[in-house]
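Hello,

The structure we discussed is below. My notes on the ligand site, the domains and a few backbone details follow it.

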Amino acid sequence: MADSFAVKLEEKKYYPDPQLKAGAWVPDYTQAYQEFLRDPEGFWDGIARDLSWFEPWDRVLEWKYPYARWFVNGKLNITYNCLDRHVAGGLKDKPAIIWHGESGENRVLTYEDLYREVMRFANGLLSLGIRKGDRVCIYMPLVPEQMIAMLACARIGAVHSVVFGGFGPEALSMRINDAEAKVLITADVGYRRGKTVPLREIALEAIARTPSIERVVVLRRASPAVELDPVRDVDYAELMARSAPECPLEVMDAEDPLFILYTSGSTGAPKGIVHTCGGYAVGTYYTTKCVFDIKENDIYWCTADTGWITGHSYIVYGPLAVGTTVVIAEGTPDYPDPGIYWRIIQDLGVTIFYTAPTAIRMFMRYGEGWPKKYDLSSLRVLGSVGEPLNPEAFEWFYHVIGGGRCPIVDTWWQTETGMHMVTTMIGEPMKPGFAGKPIPGAVVDVVNRHGDPVAPGTGGFLVIKEPWPAMLRTVHRNDERYRVYWNTIPGCYTTGDLAVKDEEGYIMVLGRADDLIVVAGHNIGTAEVESALVSHDAVAEAAVIGKPDPLKGNVIKAFVTLCVGVNPGDGLTDELARHVRKTLGAIAVPAEIEYVDRLPKTRSGKIMRRVLKARELGMDPGDISTLEE
Ligand code: PRX
């Protein structure tokens, strides 16, 4: 792409109720940002002191570009901050998790309940031979046991790698192998639209190819109960029954790894993003408390799956560190009917509702009738994440769901950032289409490829200019790929997104610059889908692009060249779709497959996706001087 480009900005502002601002944890954004800039380390030092540490840090930050160490030599355990201190501090009977199942049942775990379950499961993991530093893979539906498994790992210092329950066997085995996980924690089934998702079958197919897996813990939900392998498998309930509800925690160094989470990359395999204990705890605690402005009596619902970073940071670690009540719901937003989310908000008295633009656009399609049937007056704050919240969706969310009363925090961040980086803090004027400004604590800008800031109204690359506590520390077993984030644009962390700032410093995120396709809020790597297609016997080559879609943000379109002698008749398209679903999961299935004679390539043989995209969308392909012919 060019260095920068002009963007037409429409400006509309919503001014929130001044009372909101007065009562907020951060009552004055500008002042808080100035305070942060005057003394960044002092700013983070103050926040870190809200958490409980076993030993204090010597230095807030040690920065040797591009490597950061935060809270150097500080010792803590994130689960102490999420559980022990709340149980000891008067919150033991407060609901920690309210789980809503697809068939309508609610299950409540208080902080005390969660604390005990986590310690039991931590003992269970110890009994299976898991020790500090070992990797554990979690492949589960959205149930409290998924959170319990994560917290139990963190308690004993094991590094969890959660794989979203919608992924197929290929994606799962690749992630297990890269992390060399010793134990897999899974379930027999998940529930989705009244049907079962066969997690057990997928897991069995995956572990046939994962030599590192020694034991498999299976949460059995369905009847009749699935059969277990007597040597390898352990029943979740039996493991819990034989484990004591007291488990001492591991004292962790601030820089010890907490988890690995895979995110799609542009070339080759997904990247195992590594987050550490101290900085991540501080960053997620602070942003959960201040961006959502969480108060004692809030009921907070994040509709993400725990298998994504949003779930890690804003279902599990941040909200529990703050000591709030977290709602989770298994299933989809339109089952049993498109009123389900509004019913949950009404029935549970949800006050803070954090969801994704793709869900909002889906609800818009179903119309105002559904939310109008329910009492949504408990809502206080709305949040959005995952993709740009387009102005139409903002307006609808603001008026129809928020009743024109609730501020919307459109939070821009990434798996790599671990925590929110850009949003409109509570009480600040909101501009539809703009995520907002860098939060106090983040230095974010829009620059050209040389790292120079571009003028307001001019598009460029969204970058982060200073280290932040919850930043990724490396890419698991591939530090070279970590350095790419910091050496693409001089002096900056490159987010891979394009953005534009207006005169007042509000940032509008325009989307990915390159390699990822965001489908319904999920990041899909072009390379993963292409390699899944090519793994089919009939396919010679494949190139996939994202095509704008009013509902999902983007859908995947694949261009495929077939092996000689194969013709596309006879249901090949359906077969390829099935093949991708089986290897990567339903979210990666192309919406369209077009058969072509050849793909546009550079002289060095790289497929030029942007040429395909330009043709597809009727746009100028830009510089095609490197095109082969
Ligand atoms: O392109 C941006 C988009 O999602 C990417 C990060 O995806 P992932 O690592 O899966 O994390 C998603 C949850 C944090 C970003 O590079 N994105 C995320 N939030 C927003 C967004 N785009 C626009 N506005 C947002 N609020």
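The ligand has 16 residues around it, counting any residue with a heavy atom within 4 Å. Asp410, Thr411, Thr415, Arg512 and Asn523 come nearest. Please note that this is a predicted model: local features need pLDDT of at least 70, side-chain atom pairs count only at pLDDT 80 or more, and totals for chains, interfaces and linings use all residues. Residues are numbered from 1 along each chain as its sequence is written, and side-chain values use heavy atoms, with hydrogens and water left out.

Polar contacts here are pairs of N or O atoms within 3.5 Å. Aspartate 410 places a side-chain N or O atom 2.7 Å from a nitrogen atom of the ligand. Threonine 411 uses a polar backbone atom, 2.7 Å from a ligand nitrogen. Aspartate 497 has a polar side-chain atom 2.9 Å from a ligand oxygen. The protein buries 94% of the 540 Å² that the ligand exposes when taken alone (Shrake-Rupley areas, 1.4 Å probe).

Helix H11 (309–322), strand E21 (408–411) and strand E28 (507–512) each give two or more residues to the shell. Helices (H or I, at least four residues) and strands (E, at least two) are DSSP runs, numbered from the N terminus. By class, the shell has six nonpolar, six polar and four charged residues. Nonpolar means Ala, Val, Leu, Ile, Met, Phe, Trp, Tyr, Cys and Pro; charged means Asp, Glu, Lys and Arg; the others, Gly among them, are polar.

Now the domains. Their bounds come from an automatic or database assignment. Domain 1 covers 5–77 + 257–489 + 496–512, domain 2 covers 120–250 and domain 3 covers 516–617. The centres of domains 1 and 3, taken over C-alpha atoms, are 31 Å apart. Their contact takes 14 residues from domain 1 and 16 from domain 3, with heavy atoms within 4.5 Å. About 1200 Å² is buried between domain 1 and domain 3, and carbon and sulfur atoms give 57% of it. That area is the accessible area (1.4 Å probe) lost on putting the two parts together, summed over both. Ser264, Trp308 and Arg512 supply 39% of what domain 1 buries against domain 3, more than any other three residues.

Last, the backbone. Tyrosine 65 and proline 66 are joined by a cis peptide bond, omega about 0 degrees. Proline 66 sits in the loop between strands E2 (59–64) and E3 (67–72). Serine 223 to proline 224 is also cis, with omega near -5 degrees.

Best wishes

Key: A polar contact is a pair of N or O atoms within 3.5 Å; within protein, one must be able to donate a hydrogen and the other to accept it, and residues adjacent in sequence count only if both atoms are side-chain atoms.
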